[in-house]
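Colleague: Could you walk me through the aromatic side chains in this one?
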Amino acid sequence: MRTVASILWRRLDQEGHDGCLLAKTGDGWSLKGQAVFLQGGAPCGISYEIHCDAGWRTRAACVAGFLGGDALHYRIEKLGDGGWMLNGREQTQVADLVDLDLGFTPASNLLPIRRLDRRPGISTPAPAAYLAFPELRLERLDQTYRRLDDTRCAYAAPKFGYDEVLEISPSVLVADYPGLWRAVALN
């Protein structure tokens, strides 16, 4: 494993931070991080790891930690037939979606942005298997990315009424996620 980049985000809508490491693995990519924040007034600490193939398509993920006094442990797997499994249960509502979006971190936005058409102005629908938080269930999230230039990408998630311009780092990690997260350190 070879480290490509690391980042520390500060959460803007409430107390919290998230640190993430992007690494090249033998046959793909890995995102590993830890998010610590308040959720509904309760302390929350979550470790996450996403494994992708060489084309930035999610293969598996693990989410573990705590929310208040409850322990969390979720294993997400992408099946060869296009389906998804969450803790061993098939998730038909997100079948055939390519990306996994973890609802508590900006790290997973990297995956569709890496696959985007690099030419400015091309709008790309990128529906994702979204791990809703704090519900911790997979659901479809319709979203669109449009590269503006090498450092900015328009992002829309109509379900949340979110339509903003994300600033992206040279490693394509989101450096500024307006209203939600901002990088405080990037390596």
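Modeller: Tyr 130 counts as buried, with a relative accessibility of 10% (buried is under 20% relative accessible area, exposed over 50%, partly exposed in between, with a 1.4 Å probe and protein chains only). This is a predicted model, where local features need pLDDT of at least 70, side-chain atom pairs count only at pLDDT 80 or more, and totals for chains, interfaces and linings use all residues. Residues are numbered from 1 along each chain as its sequence is written, and side-chain values use heavy atoms, leaving out hydrogens and water.

Colleague: And Phe 160, buried or exposed?
Modeller: Phe 160 is partly exposed, at a relative accessible area of 46%.

Colleague: How many aromatic pairs are there?
Modeller: There are nine, counting Phe, Tyr and Trp rings (for Trp, the six-membered ring) with centres within 6.5 Å; planes under 30 degrees apart are stacked, over 60 edge-to-face and the rest tilted. Tyr 130 and Phe 160 form a tilted pair, because their ring centres are 5.5 Å apart and their planes stand at 55°.

Colleague: Which rings form a cluster?
Modeller: Phe 37, Tyr 48, Phe 104 and Phe 133 are linked into a cluster by ring pairs.

Colleague: Switching topic, which charges sit over rings?
Modeller: Taking NZ of Lys or CZ of Arg within 6 Å of the ring centre and within 35 degrees of the ring normal, Arg 11 lies over the face of Phe 37, 4.9 Å from the ring centre. The charged end of Lys 24 sits over the ring of Trp 29, also at 4.9 Å from its centre.

Colleague: What does Phe 104 touch?
Modeller: With contact meaning heavy atoms within 4.5 Å, and leaving aside neighbours within four places in sequence, the partners of Phe 104 include Ala 35, Ile 46, Val 63 and Trp 181.
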